[in-house]
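I opened this entry to write down what I looked up, item by item, with the sequence and the coordinates side by side.

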Amino acid sequence: MSGWGWGQLAFVGAVTVVGASLLGKYLAATFRGGKAPGDRVFLPIERAVYRVTRIDPDSSQRWSSYALAVLAFGLVSTLFLYLVLRFQGHLPGNPTHAPGMSPLLSFDTAASFITGTNWQAYSGETQASYLAQMAGLVVAQFTAAAVGLAVALAIVRGIGGSARTVGNFWADLTHGLVRVFVPLSIIGALVLVGQGAVQNFHGFSTATTLAGGTQHIPGGPVASMEVIKLLGTNGGSFYGVGGAHPFENPTGFANMFDLLLVIVLPFAIALMFGRLIGRPRQGRAIVAVMAILFVGHTLVSMQAEAHGNHLLPASVSQVASAQNPGGNMEGKETRFGPDGSALMTVGTMGTTAGATDSALDSYTPVGGAGAFVGIILGEVSPGGDGGGLYSILVFALLAVFVAGLMVGRTPEFLGKKIRAPQMKLVVAYVLAIPIIILVFGSISLVVAPGTRAILNPGMHGLSEVTYAFASVTLNNGSAFAGLSANAPYYNTLLTLAMLAGRFVPIVLGLAIAGSLAGARVHARTRATLDTSGPTFVVFLLGVIVVVGGLIYLPMLILGPIGERIVG
Amino acid sequence: MRRYLSTSLVMLLGLTVVLGLGYPALVAGLAALGLGHQADGSLVYRDGKLVGSQLLGQSFTDSNGNPLPRYFQPRPSAAGSGYDASSSGATNLGPSNALLVGFVPGVNTVGLDGSPSKTNPFATPADPACVPTDPKGNPVTSPSRGQKYAKNPDGSYVCDPNTVPERAIAYRQLNGLAPTAPVPVDAVTASGSGLDPGISVANALDQAPRVAQARHLPTDQVVALVHRYTAGRQWGFLGEPTVNVLELNLALDRLS
């Protein structure tokens, strides 16, 4: 990895620290209740929303009502998006003449965007109309992000607050959209347009190339989608190849800006958590765990990609120099080089965005493993908007339980005792995801429709399949794109996996919060385990790596590790 | 539950209007105030005719698909039949796939019957990693008994031209480089989008003498042009330096 690569990593780190602190403060002020910054602009908008929808924002719900509201909203959104995609051919706003999607593909795509997975079994240029992208997919990207943040808020109130209720879902959803996602998206979209991202409503323009050929140059409302795809940790792009497309990600700066759009907000949400419960140190401890994991798996990939593919002939120069970025350039853009590509692509793998600026399937085995690890550690580095926080809080409950067993005390988190009912839910939460991934993945390796879709032979093919299930179940949505996933078999299984991977953890997480809501808060004594110091940070890291990593170890050995050793 | 469903529906319809239509229109409207060129796709016109976009690569080949020596050549492309902007894409070939790296002895080589082999039976004097093709020109990576192959007049196998070793051979031939000369990695690998507008400086400098010869220009003049159309790292450290192939070729056309 070149000095420039380290420079870019340092830049991302510095901007994240500053940006997340400021944003964390803003979020805490916004969601604490009472007066908040920007009330003069935002309050009238919110009041209008409440009037139209006839919502009482002050009526706080119990966890079960909150969960039901989340599920109802998810169900209605999925059905609506299904209809838009299914009938886009008959709707206006379709200058590229995209036909309606097939029933299965519509269902797969609808579920994929509602869950924030953004697994794309279609190609945006030709298979989705402008209207479907704007009024269907982009709206889903906004709501998926806002729902994630809302659920995180409810869980924080349950675990850390003193009330028996966890807040109002509709008010949280409105707050998140009006005060966070929409304003930041408008600013971010304009920055991207300034770099060269397109934002127009005309279809293809036909150019006559210098050599006398023709080229159909695409258009579309790209920047407005690109920004919420990233800011909302969604990952679904306007064009088929996503962040590698020069119209989405035109420059080296845009590439790093994209990465920052993804990671700053989840870090800020963790800091907000600390402030909301009145223990900022606790928020910083969570951020430290997230940051260590982020740097770890990203650095592994950056090093591997900069090192290049050792199977290429020696006379192909992969060593970085002033005139040649070097490294493994298959599937990567010249303007990003191996360092910038791996930093952006693998950096988003610890979140539910899974936005890529390069072809993961063509990464070296170790480089691809870095991406894999980001996903299977449970997407807590720093995770999705909201999802990252509540996943890591569940890991923290598991960690205090394990620690409690070691020293023989009843485990406590934020002064509340963790007992059998909570632990049953925590274990269900932690095991639900691996069970889906491993069962569906294993079935796909033995049935014909599962193996037929694999592009690359041998161990790399195994990686394609297991990566696909890990990616959709954890709502990441990135792919080893060699797998031909738009077939009835994969469309069905992957759709089920992403729905379960989104809503099972949400319901279990809210149930945990509900069971702790209103529980007695015990005073801190000398014997209380400190959950915000360096010891706990290391311990929590250990729990995440052992639980997340070991479950998938056989898969990693047969896939990328084996490929590296044999190759 | 019914109340939740109806609230969801009202909320969603409202959001669809505001976020689905209002928000992209607002961004487009604001972008039009000063960023219209970018928002429109950074389009490039010559004599009033649209010739491409600054941000998208394009092919510089004749009607048979052979590279035109008078133009700098972009990277290999997996978008459609090459730089097809309506189907952006990468090869997605894994790092040990024979279609990418060729048959590497001890890694992915197979015998004439398709079983694993320690050596490459299809090796040619020029390309020890040769992947053979069938008579229709398609690469054969898992041969079976009775498989027919395309052969050269001297009896050697015809190799699939899209592997990295073969592309390196073709690159050296096109640019008149020695058979062992190093080749910049970006010149023999396909990009992530298939529309990469840039090449590395090393790649451009390797091509400069050939372009100069084809255009009867002094090499120094072409090299100077390469440096003029090299965009450095943004802010001095973000991304990599690249040479914009379309802008460079347009400048060459203006010269001669």
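In which loop of chain A is P382(A) found? I traced P382(A) to the loop between α12 (365–376) and α13 (387–407) of chain A. The model is a predicted one, and in it a cis peptide bond joins S381(A) and P382(A), with omega at about -5 degrees.

**Confidence**

I then looked up the confidence values, chain by chain. Chain A averages a pLDDT of 94, and 100% of its residues score at least 70; for chain B the average is 95, again with 100% of the residues at 70 or more. Among the elements of chain A, I noted helix α3 (residues 63–86) as the one with the highest mean pLDDT, 98, and helix α19 (residues 553–566) as the one with the lowest, 87. For the complex, the predictor gives an ipTM of 0.96 and a pTM of 0.96.

**Between the chains**

Next I turned to the contact of chain A with chain B, where 95 residues of chain B are in contact with 99 residues of chain A. On the side of chain B that touches chain A, helix α1 (residues 2–32) of chain B gives the most, with 21 residues. By class, I recorded that side of chain B as 55 nonpolar, 33 polar and seven charged residues.

Strands also pair across the two chains: strand β3 (residues 316–317) of chain A runs parallel to strand β3 (residues 183–184) of chain B, over two bridges. In this pairing I found V316(A) opposite V183(B).

**Helix pairs in chain A**

I looked at α13(A) after P382(A), since the loop that holds P382(A) lies between α12 and α13 of chain A. Helix α13(A) packs with helix α14 (residues 420–446) of chain A at an angle of about 125 degrees, the axes being 10 Å apart. I therefore call α13(A) oblique to α14(A), and the crossing of the two is left-handed. From α13(A) the contact takes V394(A), L397(A), L398(A) and F401(A), and from α14(A) it takes Q422(A), M423(A), V426(A), Y429(A) and V430(A). Sorted by class, the residues of this contact are eight nonpolar, one polar and no charged.

I went back to α19(A), the element of chain A with the lowest mean pLDDT, to see how it packs with helix α16 (residues 459–473) of chain A. The angle is about 130 degrees and the axes are 8 Å apart, which means that α16(A) is oblique to α19(A); α16(A) passes α19(A) in a left-handed crossing. On the α16(A) side I listed M459(A), H460(A), L462(A), S463(A) and T466(A), which meet M555(A), L558(A), G559(A), P560(A), G562(A) and E563(A) of α19(A). This contact has five nonpolar residues, five polar ones and one charged.

For the third pair, I noted that the axes of helix α2 (residues 39–53) and helix α7 (residues 169–195) of chain A come within 10 Å and cross at roughly 140 degrees, so α2(A) is likewise oblique to α7(A). Here the crossing is right-handed. The residues that make the contact are F42(A), I45(A), E46(A), V49(A) and T53(A) of α2(A), with W170(A), T174(A), V178(A) and R179(A) of α7(A), and they divide into five nonpolar, two polar and two charged.

**Backbone and hairpin**

I checked R54(A), which lies in the loop between α2 and α3 of chain A, and found that its phi is positive, about 55 degrees, although R54(A) is not a glycine. Strand β1 (residues 205–208) and strand β2 (residues 214–217) of chain A pair in the antiparallel sense over four bridges, with T214(A) as the bridge partner of T208(A). Five residues lie between the strands of this hairpin, where G212(A) takes a positive phi near 95 degrees.

**A sheet in chain B**

Last, I followed an open sheet of three strands in chain B, with the order β4-β6-β5 and antiparallel pairing. β4 (198–199) and β5 (230–231) of chain B stand at the edges with a single partner strand each, so each has one side without a neighbour in the sheet. β5(B) pairs with strand β6 (residues 242–244) of chain B over two bridges, and A231(B) stands opposite T242(B). Helix α7 (residues 245–255) of chain B packs on this sheet, where it touches β4 and β6 of chain B, and its direction makes about 50 degrees with that of β6(B).

Definitions and conventions
Residues are numbered from 1 along each chain as its sequence is written. Chains are lettered from A and ligands numbered from 1 in the order in which they are written. This is a predicted model: local features need pLDDT of at least 70, side-chain atom pairs count only at pLDDT 80 or more; totals for chains, interfaces and linings use all residues. Two residues are in contact if their C-beta atoms, placed from the backbone, lie within 7 Å. Ala, Val, Leu, Ile, Met, Phe, Trp, Tyr, Cys and Pro count as nonpolar, Asp, Glu, Lys and Arg as charged, and the others, Gly among them, as polar. Two strands pair if DSSP finds at least two bridges between them. pLDDT is the predictor's confidence in each residue, from 0 to 100. Axes are lines fitted to C-alpha atoms, for helices over the stretch in contact, and angles run from 0 to 180 degrees between N-to-C directions. Angles under 35 degrees count as roughly parallel, over 145 as roughly antiparallel, 65 to 115 as roughly perpendicular and the rest as oblique. A crossing is left-handed if the near helix is turned anticlockwise from the far one by less than a right angle, and right-handed if clockwise.
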